[in-house]
Amino acid sequence: MQQLTSSQQLSAFARGSDVGLVPTMGALHAGHASLVERAKQENGCVIVSIFVNPLQFNKADDLRKYPQTLVADIALLEKLNVDAVYLPQYADVYPEGNDVQQLSAGSAGDSFEGAARPGHFDGMLTVVHRLLQQVSPSHVYFGEKDAQQLCLARLMVEKLEMPVKVVGCDLIRDADGLAFSSRNVHLSDAARNDALRLHQALIRASEDFAAGERQAQNLLNTIHEVLNGGDIKIAYCAVVNDKTFAELNAEVDCGSRVIIAAEVGGVHLLDNMSLVS
Ligand code: AMP
């Protein structure tokens, strides 16, 4: 595996025409590995980027505390037979320094995670756009774990007519049901136990949906019941159209997505599930 530590090294890396890019912020886990494995199946060359993008953090403390495990990340990517890991510095991604003209995520980026973390999606789209320009992949891989991010990346690529296919990959969970997240290392045992309720609440709502419940509010009531108690502060909880992330307040249909974000023991966690009958 090549380690590309500058944009110059990335430009010089011979990569052919079918290239899969997996953008990450490191602290890699089984969720990231699943994206890499999918990219390996579909491309002759796979590049993983690791860059903790300051533009998508609205709190300096959150950025400072973001877990960094570079040695373990590189060992995992070697094991997964990745062709190259791109490890840019800030100036490789943003040569203009602090004068970055950010892309706007528009109204779909102002709701839910965008409301909880103002500016987050503008920063996310800005870095994804830069990485797509620098790597020129044929495919780029995102996890459904961050469903709003995936939706916005799709909308950006479509709007800007970028020549890349956005591939959404399944959300991967630990054996106990907790969605893998780099932030899980910050959970105490008690908080991790509370965090399991996110998945349990989603299962209950999807069981209700499968049994015929179609009213968004009733599904959300069930979720609130399961989440009630423990050290859980719900940031938002909604049913959305998966293609637009518009909130559904009345009848929901197959393929709608239930999304939850909560502070559990002080850690910001996301989870979601697509409704199927
Ligand atoms: P991050 O490093 O958190 O920015 O995540 C990089 C990519 O991995 C994003 O596309 C995430 O949606 C994806 N990802 C993170 N956690 C998971 C998970 N548990 N299952 C599937 N994909 C994930």
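The protein chain here has 10 helices and 9 strands. Its radius of gyration is 19 Å, close to the 19 Å the globule rule gives for 277 residues, so the chain is as compact as a globular protein of that length. Keep in mind that this is a predicted model.

**Overall build**
- Along the principal axes, the C-alpha atoms fill a box of roughly 55 × 40 × 40 Å.
- Buried residues make up 53% of the 277 residues.
- Take the contacts with a separation of 6 or more: 72% of them involve residues 24 or more positions apart.

**Surface and charge**
- About 12,700 Å² of the protein chain is exposed, and carbon and sulfur atoms supply 48% of that.
- The chain carries 22 positive and 34 negative charges, and the mean positions of the two sets are 2 Å apart.

**Aromatic pairs**
- The structure holds 5 aromatic pairs.
- One of them is Phe51 with Tyr94, a tilted pair at 6.2 Å centre to centre with 55° between the planes.
- Phe51 sits in the loop between strand 3 (45-50) and helix 3 (60-65), while Tyr94 is in the loop between helix 5 (90-93) and helix 6 (113-116), so this pair ties together parts that are 43 residues apart in sequence.
- Both rings belong to buried residues: Phe51 has a relative accessible area of 9%, and Tyr94 has one of 1%.
- Tyr94 also pairs with Tyr90, again tilted, at 5.0 Å centre to centre and 55° between the planes.
- Tyr90 is partly exposed, with a relative accessible area of 27%.
- Put together, Phe51, Tyr90 and Tyr94 make one aromatic cluster.

Key. Residues numbered from 1 in each chain as written. Predicted model: local features only at pLDDT ≥ 70, side-chain atom pairs only at ≥ 80, totals over all residues. Heavy atoms only, no water. Helix = DSSP H or I, 4+ residues; strand = E, 2+ residues; numbered from the N terminus. Rg over C-alpha atoms; globule rule 2.2 N^0.38 Å. Buried < 20%, exposed > 50% of the residue type's maximum accessible area, 1.4 Å probe, protein only. Contact = heavy atoms within 4.5 Å. Areas by Shrake-Rupley, 256 points an atom, 1.4 Å probe, with all protein chains shown as cover. Lys, Arg positive; Asp, Glu negative; His and termini not counted. Charge placed at Lys NZ, Arg CZ, Asp CG, Glu CD. Phe/Tyr/Trp six-rings, centres within 6.5 Å; stacked < 30°, edge-to-face > 60°.
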